[in-house]
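Here is a short report on aromatic contacts and one helix. Look over the sequence and the model before reading on.

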Amino acid sequence: MSNGSNEILREIPHLSDAELHVYRYILAHARDIPSISVHTLAALTNTSTATILRLCRKYGCRTFPEFKLCLEEELACQPDADLREYGSGSHNLSYFFSRTLNDPSFDDSLNKAAELLARCSQIIFLGDGSSNIVCDYAAMYFSYQCRYASRVEDVRNYAPEFFFSSLPENTCITALSVTGENPHIIHFLQRPHSRSLKIIAITDDAESMLANIADVSISYNIPITMFHDSNLTSQVPAVYIVEELSRRTHQMLSSDR
């Protein structure tokens, strides 16, 4: 940038939750942003123009058009064939460990989720794509340390009406989704048969649909990494949360014996 401020695609200043929500949207739709207005972006992100302008100023831009111009300049230096890594891997993880782990609300949500898991009789993990791989690990980890856990192997091809009818009412589904907007996971959890179950969300976006439908939501902050249309955001925060949840659940179960 000509004014020497932060690079939009590679650096993250201290952002509020609302500003971070807008920033995630901008990264996920970076090439569309230069063609939309500040009012359109506010509507798409369910935020205000004031929030967007505060975000712009944190990147050294006085107005949204100036911000879009800076973004266009950065995008012009990103060949389509290259991995568009928004922030280095080490920077992304340091952002998670420094910001999220020091947030009292994050610790509180972990405790609430662990209390829920300790009370339930059946634990099921639900995810799609790379999140589904983490679910496989989570089911194994919980089975070793707490009680038997399983996962939904293919959320896209399950028959929820048969699946849910066979579950006890005190079943807890822990759903993992980076964006919190995966349509297959949302559709699965919004089926009428799931209403008696408890839902824990592990997601990057505290304002996402998944977070809003969950009984307990554990949100973490890490920049989005995209390769063309594929979301390659690090799953390290999700793995950390799964392991910490298992540890806390185990402690609660042990104290009740």
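## Aromatic cluster

Which residues do ring pairs link into a cluster? They are Tyr23, Tyr59, Phe64 and Phe67. The model is predicted.

Searching the whole structure gives 5 aromatic pairs. One of them joins Tyr59 and Phe67. Their ring centres are 6.1 Å apart, and the planes meet at 70 degrees. That pair is edge-to-face, because its angle is over 60 degrees. Both Tyr59 and Phe67 are buried.

## A tyrosine pair in helix 7

Tyr137 and Tyr141 also form an aromatic pair. This one is tilted, with 5.5 Å centre to centre and 45 degrees between the planes.

Where do the two tyrosines sit? Both belong to helix 7 (residues 130-145), 4 residues apart, so about one helical turn separates Tyr137 from Tyr141. An α-helix has 3.6 residues a turn, so residues three or four places apart point the same way. Tyr137 is partly exposed, at 27% relative accessible area. Tyr141 is partly exposed too, at 25%.

## Helix 11

How far apart are the end C-alpha atoms of helix 11? The distance is 29 Å. Helix 11 covers residues 236-255, which is 20 residues. At 1.5 Å a residue, the expected span is 28 Å, so the two values agree.

Helix 11 also has a set of buried residues. Among them are the hydrophobic-named entries Ile241, Val242, Leu245, Met252 and Leu253. The buried set also includes Glu244, Arg248, Ser246 and Thr249. Pro237 and Ala238 are buried as well.

Technical notes:
Residues are numbered from 1 along each chain as its sequence is written. This is a predicted model: local features need pLDDT of at least 70, side-chain atom pairs count only at pLDDT 80 or more; totals for chains, interfaces and linings use all residues. Side-chain values use heavy atoms; hydrogens and water are left out. Rings of Phe, Tyr and Trp (its six-membered ring) pair if their centres lie within 6.5 Å; planes under 30 degrees apart count as stacked, over 60 as edge-to-face and the rest as tilted. Buried means under 20% relative accessible area, exposed over 50%, partly exposed in between (1.4 Å probe, protein chains only). The expected span of a helix is 1.5 Å times one less than its number of residues.
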